[in-house]
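Reader: I've just opened this one and don't know my way around yet. Could you walk me through it?

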Amino acid sequence: VRMYQAGSSEMFGSSPPPQSEVTPFHPRSPYAVAKVAGHYFATNFRESYQLFVTNGILFNHESPRRGENFVARKITRAATRISLGLQKELVLGNLDARRDWGFAGDYVEAMWLMLQHTQPDDFVVATGSSYSVRDFLDATFEALNLDWKKFVKFDPIYTRPAEVDHLLGDPSKAQKALGWKPRVDFKGLVKLMVDHDLQLARNEQAVLSLSAG
């Protein structure tokens, strides 16, 4: 039996970037604390019973399947609806938080490669580049020929009590040991999500037109 344990970049919290497998954890939320516990449970069982348990520490991985309560999908979903007149504004919190965003499909491949490796280990999976929420807005609204500043509003209710300012992964270990590297870059990821959500918005618009008729 080979087991993959799903960790998160949130475990690093306020540890300064770049974050690698040897960076100390400093979780800043109950979710991150639970993820750190899972990581150490997996490590303990691996070392105690020689089980094949691998810890994947994945940075933000996005796709059109991402839930709309996550900021990246919230942005692409809202922007495409705004572009068709289905929504008037988008309300967000901290626009300066920086994240290492990658494509979920690439990261699933990394998970699979970890389980094919000769030994269980800990691996950071990331792109090695970080962008702010503001950058994500720029790329998304630019793809739709819109100025996000006309539609985005700030609400402190969406800020975190203990903010995680900057997550930037160092994937060099996974690249060297697993031969893994991301295929989709930041702009490619945004385009993929915008194209998908634009089609959803067009479908929604068509349904509304039929209902009105």
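**A patch on the surface**

Author: Sure. Phe-45, Tyr-49 and Leu-51 make up a nonpolar surface patch, and together they have about 330 Å² of accessible area. Keep in mind that this is a predicted model.

Reader: Is Tyr-49 buried or exposed?

Author: Tyr-49 sits in helix α1, which covers residues 30–49. Exposed means over 50% relative accessible area. Tyr-49 has 55% relative accessibility, so it counts as exposed.

Reader: Now the inside. Is Thr-80 buried or exposed?

Author: Thr-80 belongs to helix α2, residues 71–83. The cut-off for buried is under 20% relative accessible area. Thr-80 comes out at 0% relative accessibility, so it counts as buried.

Reader: Which residues is Thr-80 in contact with, leaving aside neighbours within four places in sequence?

Author: One part of the chain to look at is Leu-146, 66 residues along from Thr-80, with 10.0 Å between the two C-alpha atoms. As for contacts, once neighbours within four places are set aside, Thr-80 touches Leu-144, Val-194, Asp-197, Leu-198 and Ala-201.

Reader: What share of the contacts between residues at least 6 apart in sequence join residues at least 24 apart?

Author: The chain has 6 helices and 9 strands to bring together. For contacts between residues at least 6 apart, those joining residues at least 24 apart make up 80%.

Reader: On to charges. Which residue forms a salt bridge with Arg-46?

Author: The partner is in strand β7 (residues 122–125), while Arg-46 is in helix α1, and 76 residues separate the pair. Both residues are buried. The closest N and O atoms are 3.1 Å apart, and the partner of Arg-46 is Asp-122.

Reader: How far apart, N to O, are Arg-134 and Asp-96 in their salt bridge?

Author: Arg-134 is in helix α4 (residues 133–143), and Asp-96 is in the loop between β4 and β5, 38 residues away in the chain. With 31% relative accessibility, Arg-134 counts as partly exposed. The N to O distance in this salt bridge is 2.8 Å.

Reader: Which residues are linked in a network of salt bridges?

Author: The count for this model comes to 14 salt bridges. The network links Glu-68, Arg-77, Arg-81 and Glu-204.

Reader: Last one: how far apart are the centres of the positive and negative side chains?

Author: The chain carries 25 positive and 24 negative side chains. Take the centre of each set, and the two lie 3 Å apart.

Key: Residues are numbered from 1 along each chain as its sequence is written. This is a predicted model: local features need pLDDT of at least 70, side-chain atom pairs count only at pLDDT 80 or more; totals for chains, interfaces and linings use all residues. Side-chain values use heavy atoms; hydrogens and water are left out. Patches are made of residues with over 30% relative accessible area and no salt bridge: like charges are joined within 9 Å, nonpolar side chains (Val, Leu, Ile, Met, Phe, Trp, Tyr) within 5 Å. Accessible areas come from the Shrake-Rupley method with a 1.4 Å probe; for residues, only the protein chains shown count as cover. A salt bridge is a side-chain nitrogen of Lys or Arg within 4 Å of a carboxyl oxygen of Asp or Glu. Helices (H or I, at least four residues) and strands (E, at least two) are DSSP runs, numbered from the N terminus. Buried means under 20% relative accessible area, exposed over 50%, partly exposed in between (1.4 Å probe, protein chains only). Contact means heavy atoms within 4.5 Å. Lys and Arg count as positive and Asp and Glu as negative; His and the chain ends are not counted. The place of a charge is taken as NZ of Lys, CZ of Arg, CG of Asp or CD of Glu.
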